[in-house]
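I opened this structure to look up a few things: cysteine pairing, charged pairs and one helix residue. My entries follow.

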Amino acid sequence: MSQLIVGSNRKIDPTRRLHLKPDNTPDDNDRVEIGPTALAFEEWKQLGLTAPDMPALRAYRLERLQQQIRKHDCAGLLLFDPLNIRYATDTTNMQLWTSHNMARACFVPPEGKMILWDFHNCEHLSAHLPLVGELRGGASFFYFETGDRTAEAAKAFADQMVDIMHRYAPGNKRLAVDKMENLGYAALVGLGVEVLEGQVLTEHGRSIKNENELNAMRCAIATCELAVEEMRDEMRAGISENELWAVLHAGNIKRGGEWIETRILSSGPRTNPWFQECGPRIMQDGDLMAFDTDLVGTYGYCCDISRTWLVGDGSPRDTQKHLYQVAYDHVMTNIGLIEPGMRFSDMTRIAHRLPEEYRALRYGVLAHGVGLCDEYPSVRYPEDVEHHGYGGCFEVGMTLCVEAYVGAVGGRDGVKLEEQVVVTDQGAIPLSTYRYEDAFLS
């Protein structure tokens, strides 16, 4: 079996030798690094899936960001969004908490290793990652953390950034920033830094996946779909929506998945209108039950699929079958239209049109990008282009979710379907594989 000397620039014994897991990470029961469980690896093997090469994936993602930095002539890219920090470094630390408490940051230079600011006493969480060249503290300048000294903390951080920019790109005052507290922005501007919109760099960098990254996504999707099947086995009249949703969450966690971004599962009359999150409602025979996984699975990759089922052993009503058929035709037709080089506006123009009675409650997008979470691009319905549409085109390597919600204003039922695909030279090819309902399509 392969062996690896585990070591980086920080606090790991360089003489420690460990075997490797299928994803080329250390097979150490006591490691700090999170990742898939043995159950997930065994299921992927049975499904014929290839685990990603994680060291290579980390290097690819860093290079994607650095290409954008050089393209936009920046001294570097400063990240506070925990999903962007994850993409750049593959480090995690209380991801949901840090999404609303900006206690971490990362500087990505045009070339070379990154600088990571982490929460206090958390040096060990990134010590296994050689692409992180330096670890610091002091990126917290939000009121809960720094109170009436927030401006002082923001100025100290901005002073660090000016020194770092001079080290990596002398004379270049352009810094791309994804998100930050307003006092930090003001401090940077006050020191003569030209702050650029960093989400342009991160969204375009993240949008193209190579085959290794697609392997990570396929594994995460498989983990999600196995948990969905466990949810399917548990579904019955007499249990609550919350009980059913808990099965999906448990199935994800036990395989090494991470969290679910929403709680969008509803049944019966709560399926119309859409976006009602699961609650205490007890499901009844003959109800439709619809859900959107929005699931962050193994390696932090999102599996975002939607399905609609019938509760109980009966047959769907004709009205339910009609809703389902319209949604299915909408998704499948639109997947078939996607091809590399097609402009988003052209997709909007030629896409399958929902019947008039279902347009008022249409979903927010025809399709959207997906990676570690929902991401660029968003492709709009004709009704929404004027206010929300934007330019761009599909590219090989983009991963997308193609969606439909079908329900009439004032109707009892609604159907939600969504498929995850990758854009190839031959068009869009499904990445998700979970079955549709023959009883609704016959």
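Cysteines. I counted a disulfide as a pair of cysteine sulfur atoms within 2.5 Å. The model is a predicted one, and a search of the whole structure gave me zero disulfides. I checked Cys278: the closest cysteine sulfur is in Cys224, 15 Å away, so the distance is too far for a bond. Cys278 is buried, at 5% relative accessibility. I then checked Cys373, whose sulfur lies 7.2 Å from the closest cysteine sulfur, in Cys302, again too far for a bond. Cys373 is also buried, with a relative accessible area of 13%.

Salt bridges. I got a count of 37. I looked up Arg218 with Glu211 and noted 2.9 Å between the closest N and O atoms. Arg218 is partly exposed at 25%, and Glu211 is partly exposed at 47%. For Asp287 and Arg281 I noted 2.8 Å between the closest N and O atoms. Here Asp287 is buried at 2%, whereas Arg281 is partly exposed at 21%.

My next pair was Glu419 and Arg307, at 3.2 Å, N to O. Glu419 sits in strand β18 and Arg307 in strand β14, so this salt bridge ties together parts 112 residues apart in sequence. Glu419 is buried at 4%, and Arg307 is buried at 1%. I also noted one network, joined through shared salt-bridge partners: Arg31, Glu33, Arg58, Arg61, Arg86, Asp90 and Glu258.

Asn252. I found Asn252 in helix α10, residues 241–254. Asn252 is buried, at 0% relative accessibility. Beyond four places away in sequence, I listed its contacts, among them Thr223, Trp259, Leu295 and the network member Glu258.

How values were computed:
Residues numbered from 1 in each chain as written. Predicted model: local features only at pLDDT ≥ 70, side-chain atom pairs only at ≥ 80, totals over all residues. Heavy atoms only, no water. Helix = DSSP H or I, 4+ residues; strand = E, 2+ residues; numbered from the N terminus. Buried < 20%, exposed > 50% of the residue type's maximum accessible area, 1.4 Å probe, protein only. Contact = heavy atoms within 4.5 Å. Salt bridge = Lys/Arg side-chain N within 4 Å of Asp/Glu carboxyl O.
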